[in-house]
Amino acid sequence: MSTTTTPASTESFKSPFGRRLEPHLALSKSAKGAACVQLIKDVLAAPGVVVFGELLDMPNVVDLKNNPDHERYHRLLEIFSYGTYQDYLQNKATLPEITKVQRMKLQQLSIVTLSERAHAIPYSDLLTYLEIDNVRQLEDLIMDAIYQNMINASLDQKLKQVEIHSAMGRDLRPGQAQVMLKVLEDWTKTSEALLQALNAKMAQVHENYQKEKLDKEQFETDLERIKKEAASGSGKHRKGASGPHMMDTDVIDQHMYQSAEYMGEYERMNYGAGKRAGKRVTHRG
C-alpha cells in the first residue's frame with residue numbers, strides 16, 4: 001500500500017504570533033485609506049498580536065505612506081513592529097495618540113528588545129525607560145508578558161530585577177537583515193578557516209604518528225637482529241674454545257711466569273716475608 005505525502009504548507013511553519021496576525025492580513029487586502037487606518041488601530045490593540053512585519057508589507061498598508069493624512073499611522077505601525085516605547089515618546093508629537101492597551105503592548109515589546117542587550121534588567125531601569133509609576137505595575141506588566149509567551153522570565157524581588165531566560169523574536173528593522181547576514185557570513189568564514197587549520201593539524205598529527213610507527217617497527221627489527229647475532233656469537237665462543245682463534249692458556253701462563261717483571265716481584269715478596277719471620281731467604285736459582 002503506497003502513501004502520498006504532500007509538502008507542508010508555509011503556514012504550518014509560522015509561529016503562534018504569526019498565525020494570530022493572519023485574519024488581519026486577509027482584511028488588509030481589501031481595506032484602503034481610512035479603512036486601513038482603522039485596521040491598524042485594531043491590530044495594535046488586538047490581544048496576542050505582537051508581530052506586524054507582514055502587515056507592513058501589504059500593498060494597501062504601504063500606500064498609507066503616500067497619504068499625508070494617514071502616513072503617521074504607518075510610522076506608528078513601524079514602531080510597534082521593531083521600535084520601543086522610547087521611540088514613541090521621542091516622536092509623540094507627530095504620531096497618533098495610543099490607548100492604554102496599546103501602550104501596555106508597546107511597553108512589553110520594549111522589554112523584549114531590552115532583553116537582547118541584558119538578561120538581568122533592574123527594576124529601576126525599566127521604571128524609567130517605560131515611564132511606570134511603581135514596582136507593582138511593572139511586575140504586573142512583566143507577568144502578563146510571561147503569560148502571553150512574549151518572554152520567559154522570573155522576578156527577583158530581593159535583587160529588584162527581572163531575569164529573562166528567553167524572548168520572542170521581533171520584526172527586523174530595515175537593513176537589519178543585511179547586518180545579520182554579514183555577521184553570519186563572517187562567522188562562516190571564520191569557521192571555515194578554523195576547520196582548515198584543524199584539518200592541517202590532524203594531517204600533521206597523522207603524519208607524525210605514521211613516522212613514529214615506522215621508527216618503532218625499525219627499532220624492533222634492529223633489536224631482534226642484534227639479539228639473534230648476539231646469541232649466535234655466544235654459541236660460537238663456547239663451541240670453539242679449542243679452535244684456531246683461541247689462544248692456549250698454558251702458553252700464556254708460561255710466558256707470564258718467565259718474564260723479568262714477574263721474577264723481580266716474586267723476589268721482593270719472598271724477601272719481605274723472610275724479614276718479617278727473622279730470617280733471610282735466599283733465592284735458589
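These legends walk you through several close-up views of a predicted protein model.

Residue numbers start from 1 along each chain as its sequence is written. Because the model is predicted, local features need pLDDT of at least 70 and side-chain atom pairs count only at pLDDT 80 or more, while totals for chains, interfaces and linings use all residues; side-chain values use heavy atoms, with hydrogens and water left out.

**View 1. The whole protein comes first, with its 12 helices and 3 strands.** Helices (H or I, at least four residues) and strands (E, at least two) are DSSP runs, numbered from the N terminus. Of the 285 residues, 28% are buried, where buried means under 20% relative accessible area, exposed means over 50%, and partly exposed lies in between (1.4 Å probe, protein chains only). The protein's accessible surface is about 20400 Å², and carbon and sulfur atoms account for 56% of that surface. These areas come from the Shrake-Rupley method with a 1.4 Å probe, and for residues only the protein chains shown count as cover. Look also at the contacts (heavy atoms within 4.5 Å): among those between residues at least 6 apart in sequence, 56% join residues at least 24 apart.

**View 2. Here is Leu55 in the largest nonpolar core.** A nonpolar core is a set of buried Ala, Val, Leu, Ile, Met, Phe, Trp, Tyr and Cys residues joined through side-chain atoms within 4.5 Å. This one holds 52 residues, and Leu55, Leu126 and Leu130 touch the most other members. Setting aside residues up to four places away in sequence, the partners of Leu55 include Leu21, Leu25, Val43 and Ser28.

**View 3. Ser28 sits in helix α1 (residues 16-28).** Its relative accessibility is 1%, so Ser28 counts as buried. Beyond its neighbours within four places in sequence, Ser28 contacts Leu39, Leu55, Met58 and Asn60.

**View 4. Helix α8 has a set of buried residues: Tyr123, Leu126, Leu127, Tyr129 and Leu130.** Their cover includes the helices α6 (85-90), α7 (100-114) and α9, together with the strands β1 (120-122), β2 and β3 (161-167). Just after α8 comes Glu131, with a positive phi of about 55°, although Glu131 is not a glycine. Glu131 lies in the loop between α8 (123-130) and α9 (135-147).

**View 5. Asn149 lies in the loop between α9 and β2 (151-156).** Asn149 is not a glycine, yet has a positive phi of about 65°. With a relative accessible area of 55%, Asn149 is exposed.
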